[in-house]
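Please take a look at the model below and turn it around a few times. After that, we will walk through it together, one region after another.

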Amino acid sequence: MTTTVPALVAATPGASFERSTIERRDVGPNDVQIDIAYAGICHSDIHQAREEWGAGIFPMVPGHEIAGIVSAVGSDVTKHKVGDRVGIGCFVDSCRECENCLAGEEQFCLKGNVATYNGREYSGEETYGGYSTSIVANENYVLSIPEGIDLDVAAPLLCAGITTYSPLKHWGAGPGKKVAIVGMGGLGHMGVKIAAALGAEVTVLSQTLSKKEDGLRLGATDYFATSDDETFKTNSKRFDLIINTVSADLPIDKYLSMLTLDGSMVFVGLPEKPQTFRVFSLTGGRRSLAGSNIGGIRETQEMLDFCAEHGLGADIEVIGADQVDEAYERVVKSDVRYRFVIDTATIPENAA
Ligand code: NAP
Ligand code: ZN
Ligand code: ZN
């Protein structure tokens, strides 16, 4: 048995979103059913809905920044109860027995985790994401959203928050460290807030200075335009850590030149095309070029608790179901301050 629930569906790659319905599985003994209140729009949704990373599964219901309220629990569920404020991020299951799962790094599950959408359960069923009014998932992949963070500003933490928190922690951002965040979008603005809350000295490297005031308000002490070549000279050999959140191609050598001795540049942005760099840009300063991918369940909960403790949520623009296509266009044009969040109450047909 399944339950039919309203969702925003892209029928084919690049198609407009239409109000429709999908089937959600019945609540199993270890499952939690969530009434979704808000779903953030991540640039990864756009990459996948437009097949920029390769073939997708259609019809597609994107959304992996999900916040809502538990509406039912299975008989064996112990972590959550009806009425709890909860969230779901980028995956809804993993093998639970490989060394990476056992280490709490389920995002690197050796069997491959089950993506929240554009993926398949181990049973073969397609997964559908948060642009919907309800979802059912195993309790271990459902996060608790602490009191003190509203659900709308919490939703983007489930991807943008953890994707920046994890590398900032892994590469030791904190007091005495100089961190640069490249790109002031959904991920970038959370990276600025979190790096500043961790005690690092934060610089934003944006295409222009148009969002400078916001960057400084969010915790950066410096803000430079990468359209100005002087930026790369002024900041030569300055940063211990550069987190690159850009969804497009970058002249990587110019960015590597801003790393100090032993500095690291970490990619979280996932451009469509291969990127190139000169090996000399690394050897000249014993530098590292690395990548990072979301975070595990334990670290995602740690991030949510950290954000609650520091009063951090995303800066958002709440939109209705009719505005999602337009929001995609605006994200692609870097015209987002700083995350679009869908009010899922607007998704049902009769809400139109
Ligand atoms: P976003 O809101 O669109 O932010 C990306 C920012 O990059 C833009 O706001 C813009 O910042 C900058 N940018 C865009 N085009 C650029 C260009 N041509 N040259 C230089 N800078 C440019 O996107 P997002 O949701 O933060 O996601 C960013 C990327 O991270 C996407 O590729 C997404 O798929 C990926 N991602 C990865 C993970 C992971 O786990 N690794 C998780 C989530 C998302 P300025 O206006 O400040 O220049
Ligand atoms: Zn995402
Ligand atoms: Zn695993």
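**A walk through the model**

Let us begin in a loop: Arg96 sits between β6 (91–93) and α2 (99–102). Those element names come from DSSP runs, numbered from the N terminus, with helices being H or I runs of at least four residues and strands E runs of at least two. Although Arg96 is not a glycine, its phi is positive, about 70°. Arg96 is partly exposed, with a relative accessible area of 40%; here buried means under 20% relative accessible area, exposed over 50%, and partly exposed in between (1.4 Å probe, protein chains only).

Before going further, a word on where this comes from. This is a predicted model, in which local features need pLDDT of at least 70 and side-chain atom pairs count only at pLDDT 80 or more, while totals for chains, interfaces and linings use all residues. Residues are numbered from 1 along each chain as its sequence is written, chains are lettered from A and ligands numbered from 1 in the order in which they are written, and side-chain values use heavy atoms, with hydrogens and water left out.

Ser334 is another residue other than glycine with a positive phi, near 60°. You will find Ser334 in the loop between α11 (324–332) and β17, and at 38% relative accessibility Ser334 counts as partly exposed. That loop between α11 and β17 also holds Tyr338, and a cis peptide bond joins Arg337 to Tyr338, with omega about -10°. A cis peptide bond also joins Phe58 and Pro59, where omega is about -5°. Pro59 belongs to the loop between α1 and β4 (66–73).

Now move to the inside. Which residues have the most contacts inside the largest nonpolar core? They are Leu168, Val179, Val192 and Ile194, in a core of 47 residues. A nonpolar core is a set of buried Ala, Val, Leu, Ile, Met, Phe, Trp, Tyr and Cys residues joined through side-chain atoms within 4.5 Å. Several elements each supply at least two residues of this core, including α4 (160–170), β10 (178–182), α5 (186–197) and α10 (297–309). A second, separate core has 26 residues, among them Val5, Ile22, Met60 and Ile342. In soluble globular proteins, nonpolar side chains tend to be buried together.

Val179 makes a good place to pause in the largest core. Leaving aside neighbours within four places in sequence, Val179 is in contact (heavy atoms within 4.5 Å) with residues including Leu168, Ala195, Val202, Phe239 and Leu241.

Follow Leu168 and you arrive at helix α4, where Leu168 is one of the buried residues. Nine of the eleven residues of α4 are buried, so this helix is largely enclosed by the rest of the structure. Its buried residues pack against β10, α5, β13, β14 (259–267), α10 and β17 (339–343). Ser166 is found in this helix too, and is buried, with a relative accessible area of 8%. Setting aside neighbours within four places in sequence, Ser166 is in contact with Ser292, Ile294, Gly295 and Glu299. Just after α4, Gly172 takes a positive phi of about 75°.

Next, look for the zinc ion, ligand 2. Which residues coordinate the zinc ion? Cys42 (SG), His64 (NE2) and Cys159 (SG) do so, at 2.0 to 2.3 Å. Donors are N, O and S atoms within 2.8 Å of the metal (3.2 Å for Na, K and Ca); water is not among the atoms, so sites may look incomplete. Cys42, in the loop between β3 (31–40) and α1 (43–49), and Cys159, in the loop between α3 and α4, link distant parts of the chain, 117 residues apart. Both Cys42 and Cys159 are buried.

Finally, turn to ligand 1. Of the 30 residues around ligand 1, His43, Met184, Ser206, Ile294 and Arg339 come nearest; a residue is near a molecule or strand if one of its heavy atoms lies within 4 Å of it. The largest share of this shell, three residues, comes from α1. Oxygen atoms of ligand 1 lie 2.8 Å from an N or O atom in the side chain of His47, 2.9 Å from a polar side-chain atom of Gln207, and 3.1 Å from an N or O atom in the side chain of Asn293.

How values were computed. A polar contact is a pair of N or O atoms within 3.5 Å; within protein, one must be able to donate a hydrogen and the other to accept it, and residues adjacent in sequence count only if both atoms are side-chain atoms.
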